[in-house]
Amino acid sequence: MWKALQVFVLSDIHLNVEKNKGMFVADAELASCLLWIAKQEIPSIVILAGDTLDFLVPEKERMIQDFEPVYAASLAESIVKEHKEVFDALSALSEKHTLIIQDGNHDSELILSEVREEIQKHVNGVIRWMVHGEAARIQIGDDTLLVVEHGHLYDSINQVCHEKLLQAVHCYSRGVIHEGGYKAPFGTYLVKKYLHPLRRRCPILEFVKPEVPAVLKILWRLIGWREKIKWLGILKNRIQVSNKNLQHKIKLVFSPQSLFAGEHTATTEMEDFIQEKEQEQEPQQQQNSIPPTQESIMADLQKIARKDTMFDLEAFDENVRYARYLFQKGVKLFVTGHSHAAKAYVVNPGNPIEEGLYMNAGCWVRTISLPQQQDTKQWQDFTQKLLENAPLNEADYRPYTFVSIFLKENTVTASLCAWKKGQEEKMVAWERSATNLLWEKK
Ligand SMILES: [Mn+2]
């Protein structure tokens, strides 16, 4: 376990082989943020909490396999080269602060030592790697235990089987091919097989958020009916299997009697999607003959906008179901990423034993807010711009975010910050003092 007076968490940066296009376009902003952290006087722990690199964006248009060790190191080299400014800033930061890099579902390749070395080469300080899905535990002051992890282990379509992945690495290191051993999560398959090939035709796929429902709905209009049937089957199966595994894993660790008492009845977005598609009256073949139009995409997005809580900092997200169990075990602050949706709220408020602050650090990927009004003209303009890949208004893009935590005079302050015009802007801050021991919004 680490101890620290100050911690910064950045998640879901998604550095990939592309530069100034695609989902990550924030080289200058990120570098300035990292240099600002580098200049902090208090020696700090800086955690890049997963999906820092994105190995799913292919270098050339090609179908990539579940796990490609040979290709991964050269891809890492290209990524570092394309984002030199960012790695220079990381290097400066690592000389003064403790730099931890955790794995996520887009950079499971960090499990390979040759990939880590490729990154370490460009960073002067020692990088502390956590690449087997484990969480980081950090003690802040005497009373606040912080846990940080990416969060993909709680997401049924993006759960990585770390045991199988490690077996694949064992085989690879001996020159043996691990046939049929490791299967990438369904989300990875979705990105590799559909999202990347289709994004030329439909560029909005890569930055429309909330990611899962919006992308699925648009993809749904672009794929054939055979695939639709196959998808529903796979999605359902994945959810059942992973929910079972996860419940089992959690039961082994936490007190079983309190598990899922009425909480697991909440359906996930994915389950809603499956239900909606299964209930649709139209025969699937017929659906397929209707090409996606601006109207149909607009209608899908409007539906999503009505339920969109992506940028409501206090809207519950799915990780909170698991945060509760950590809080019962004495964790006071739980920080994740993965969903790209920044969050900060207290779970079980006022209960000195089970209370905890849950935060999602958000992301550094270009994301857009869907219009919140019903105004048809505004929606038409918005959808048209999206489809033409034309620049949107400044206000349509959401800010890049991170979490900052520090101890001062026996009080821990945890803030969700936006990085705007080279400066930190606090979106919300919570405090927990050694005398009060409960989280209070500042
Ligand atoms: Mn992720």
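This section describes the fold, the main sheet, two helices and selected residues of a predicted model.

The protein chain contains 13 helices and 14 strands. Of its 442 residues, 39% are buried. Contacts reach far along the sequence. Among those between residues at least 6 apart, 74% join residues at least 24 apart.

Six strands build an open sheet. Their order is E1-E6-E7-E8-E10-E9, and the pairing is mixed. Strand E1 (2–4) and strand E9 (343–347) occupy the edges. Each has a single partner strand, so one side of each is left without a neighbour in the sheet. On average, neighbouring strands are turned by 20° against each other, direction ignored. Helix H12 (residues 320–328) packs on this sheet. H12 touches E7, strand E8 (333–336), E9 and strand E10 (356–360). The direction of H12 makes about 140° with that of E10.

Strand E6 takes part in two pairings of opposite sense. With E1, E6 runs parallel, joined by three bridges. Lys3 has Gln139 of E6 as its bridge partner. With strand E7 (residues 144–148), strand E6 (residues 136–140) pairs in the antiparallel sense over five bridges. Here Ile138 has Leu146 of E7 as its bridge partner, and Gln139 stands opposite Leu145 in E7. Three residues lie between the strands in the E6 and E7 hairpin. Gly141 takes a positive phi near 65° in this hairpin.

The side chains of E6 alternate. Ala136, Ile138 and Ile140 point to one face and are buried. Arg137 and Gln139 point to the other face and are not buried. Such alternation between the two faces of the sheet is the pattern of a regular strand.

The loop between strand E5 (127–130) and E6 holds Glu134. Glu134 counts as exposed because it has 12 C-beta neighbours inside 10 Å, and a residue is exposed at 12 or fewer. Glu134 lies 32 residues from Gln102 in sequence. Their C-alpha atoms are 8.0 Å apart in space.

Asn360 offers a contrasting environment. Its place is in strand E10. Asn360 is buried, with 29 other C-beta atoms within 10 Å; the threshold is 20 or more. Leaving aside neighbours within four places in sequence, Asn360 contacts Asp317, Thr336, Gly337, Ser339, Ala341, Ala342 and Lys343. Glu149 is 211 residues away along the chain, yet the C-alpha atoms of Asn360 and Glu149 are separated by 9.9 Å.

The largest nonpolar core has 90 residues. Val7, Val9 and Ile47 have the most contacts inside this core. Not counting residues up to four places away in sequence, Val9 touches Ile47, Ala49, Val148, Val335, Ala361, Phe402 and Val403. Another core, of five residues, lies apart from the largest one. Ile218, Ile297, Leu301 and Ile304 are among its members. In soluble globular proteins, nonpolar side chains tend to be buried together.

Helix H11 (residues 294–307) contributes to the description of this second core. H11 has 14 residues and reaches 20 Å from its first C-alpha to its last. That span is close to the 20 Å expected at 1.5 Å a residue. Its buried residues are Ile297, Asp300, Leu301 and Ile304. Seen down the axis of H11, these fall within an arc of 95°, so they line one face of the helix. The face turned away from the buried side carries exposed Glu295 and Arg306. Ile297, Leu301 and Ile304 of H11 are buried and also belong to the five-residue core.

Helix H2 (residues 69–82) also has 14 residues. From first C-alpha to last, H2 reaches 20 Å, close to the 20 Å expected at 1.5 Å a residue. In H2, Ala72, Leu75, Ala76 and Ile79 are buried. Seen down the axis of H2, these residues fall within an arc of 110°, so they line one face of the helix. They pack against helix H4 (113–120). Val70 and Lys81 are exposed on the other side of H2.

Definitions and conventions
Residues are numbered from 1 along each chain as its sequence is written. This is a predicted model: local features need pLDDT of at least 70, side-chain atom pairs count only at pLDDT 80 or more; totals for chains, interfaces and linings use all residues. Two strands pair if DSSP finds at least two bridges between them. Helices (H or I, at least four residues) and strands (E, at least two) are DSSP runs, numbered from the N terminus. Axes are lines fitted to C-alpha atoms, for helices over the stretch in contact, and angles run from 0 to 180 degrees between N-to-C directions. Two residues are in contact if their C-beta atoms, placed from the backbone, lie within 7 Å. A nonpolar core is a set of buried Ala, Val, Leu, Ile, Met, Phe, Trp, Tyr and Cys residues joined through C-beta atoms within 7 Å. The expected span of a helix is 1.5 Å times one less than its number of residues. The arc is that of the directions from the helix axis to the C-beta atoms.
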